[in-house]
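Got the model open? Here's a quick tour of its charged pairs, its cysteines and its core, set out so you can click along.

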Amino acid sequence: MGEEEQSSVGVEGEEEELAEKVGEAETWNQRKQTLILEISSKLIHGDLESKIEAARDIRNLVRKSSSSSSSSSSKTRSKLGAAGVIPPLVLMLCSPNPDARQVSLLALLNLAVRNERNKVKIVMAGAVPPLVELLKFQNGSLRDLATAAILTLSAAALNKPIIADSGAAPLLVEILSSGSVQGKVDAVTALHNLSTCKENSTAILDATAVCPLINLLKECKKYSKFAEKTTALLEILSNSEEGRTAISNSEGGILTLVETVEDGSLISTQHAVGALLSMCQSCRDKYRELILNEGAVPGLLRLTVDGTAEARERARMLLDLLRDSPQQKKLASSVLERIVYDIATRVDGADKAAETAKRLLEDMVKRSMEHSMDRIQQRAASCTPSDTQST
């Protein structure tokens, strides 16, 4: 009996606690709706100080909602967008007051994150031209915020052609060389977003982007998401003669792509081998030796075993082009794989042939890489100090 009474008391306590939480949530929602209306009124009708205060309130309100739940913050963003706060915030981007520009940028970023409708509303309200002007600023903070805004807005498909035609891309390319670390990361991602839009009426990148992209790829981890976006842009650039020339002329350009083939993720290796293949296909005589001299074969052989389907095919095609003469193309990687498979079948039987063949190929790749490394070390050892300085 006592246990039943205790159980009943426990249930009543839980119900009271639940009712209290529901009441608190309703009170907060009512208060939030009032705050949204106040913010909207200040932005539309207030003086500059009131507008700046309202822009700060937007950040605080979204942050407070985010601490509650992601769905709550999403609803808050939608309600703020529906309340008409976006057009006055966009107008503030053109203000001569630096504080007004900064708080409006931060507010717009908070409204755009994870909200497709607000992203489109911001661009439709005319935000892109003032953001492009802010990309020209020497003020690192404002330029970084504008870059982050372009990145966020370019994630929406409807915005990509508008941003691509705005003149933002060349300024983003400049940031690849002169921006902060975060600015460079955001610029690469923004350019990658814009490059995926087939409706763009103008080319997003030209050969001036190659050198900073190669430098960034040198410095980053080859299997990172950043490397995937960087190599995707380099593959696009490799489709033009100017881009191919810039890659080969960049210090360590081809070597960096070869290293990405060896150490990159499935996606970055696919893009890196795609860039090398594009170069060799365009002019075998010009690029074959350059690629071979950087020790590309071991990584390409490995890629024929464990790359994506597209990467495997690209690696085989490039290996064919790297052979001594066009006639040797008949001895393609697929033929080599068949020979190894036949040998494995005779040794271990049909049941284990696939596993054995893969192991044999991997061993061949390892031996080839060791041989290639020996050649590179011998070449490095043969260089005199004067040779090194002259280069």
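What follows is a short run through side-chain pairs, cysteines, helices and packing.

Keep in mind that this is a predicted model. It holds 11 salt bridges, while a search of the whole structure turns up zero disulfides. The largest nonpolar core counts 93 residues.

**Salt bridges**

- Side chains of opposite charge can pair when their charged atoms come close.
- Lys42 and Asp57 are one such pair here, with their side chains meeting at 3.8 Å, N to O. Lys42 sits in helix α1 (residues 2-45) and Asp57 in helix α2 (residues 48-68), so this bridge ties together parts that are 15 residues apart in sequence.
- Both ends of that bridge are partly exposed: Lys42 has a relative accessible area of 26%, and Asp57 has 24%.
- Glu241 pairs with Arg244, and their closest N and O atoms are 3.0 Å apart. The two residues are three apart in helix α14 (residues 241-249), which puts about one helical turn between them.
- An α-helix has 3.6 residues a turn, so residues three or four places apart point the same way.
- Glu241 is partly exposed at 37% relative accessible area, whereas Arg244 counts as buried at 10%.
- Arg323 bridges to Asp320, with 3.4 Å between the closest N and O atoms. Arg323 is partly exposed, at 21% relative accessible area, but Asp320 counts as buried, at 15%.
- Salt bridges with shared partners also join Lys42, Glu53 and Asp57 into one network.

**Cysteines**

- With zero disulfides in the whole structure, what is the nearest cysteine sulfur to that of Cys280? That would be the sulfur of Cys283, 8.7 Å away, and Cys280 is in no disulfide.
- Seen from the other end, the closest cysteine sulfur to that of Cys283 is in Cys280, and 8.7 Å is too far for a bond. The cut-off for a disulfide is 2.5 Å between the sulfur atoms.
- Cys280 is buried, with a relative accessible area of 1%, while Cys283 is partly exposed at 31%.

**Helices α6 and α9**

- Which residues of helix α6 (residues 116-124) are buried? They are Asn118, Lys119, Val120, Ile122 and Val123.
- After α6 comes Gly126, which has a positive phi, near 95°.
- Ala164 belongs to helix α9 (residues 160-164) and is buried, with 6% relative accessible area.
- Along the chain, Ala164 and Ser195 are 31 residues apart, yet their C-alpha atoms are separated by 8.7 Å.

**Nonpolar core**

- The residues with the most contacts inside the largest nonpolar core are Ile58, Val85, Leu89, Leu131, Leu172, Leu191 and Leu300.
- Helix α5 (residues 98-112) gives the most to this core, contributing nine residues.
- Take Leu131 as a worked case: leaving aside neighbours within four places in sequence, Leu131 is in contact with Leu93, Leu105, Ala146, Ala149, Ile150 and Leu153.

Conventions: Residues are numbered from 1 along each chain as its sequence is written. This is a predicted model: local features need pLDDT of at least 70, side-chain atom pairs count only at pLDDT 80 or more; totals for chains, interfaces and linings use all residues. Side-chain values use heavy atoms; hydrogens and water are left out. A salt bridge is a side-chain nitrogen of Lys or Arg within 4 Å of a carboxyl oxygen of Asp or Glu. Helices (H or I, at least four residues) and strands (E, at least two) are DSSP runs, numbered from the N terminus. Buried means under 20% relative accessible area, exposed over 50%, partly exposed in between (1.4 Å probe, protein chains only). A nonpolar core is a set of buried Ala, Val, Leu, Ile, Met, Phe, Trp, Tyr and Cys residues joined through side-chain atoms within 4.5 Å. Contact means heavy atoms within 4.5 Å.
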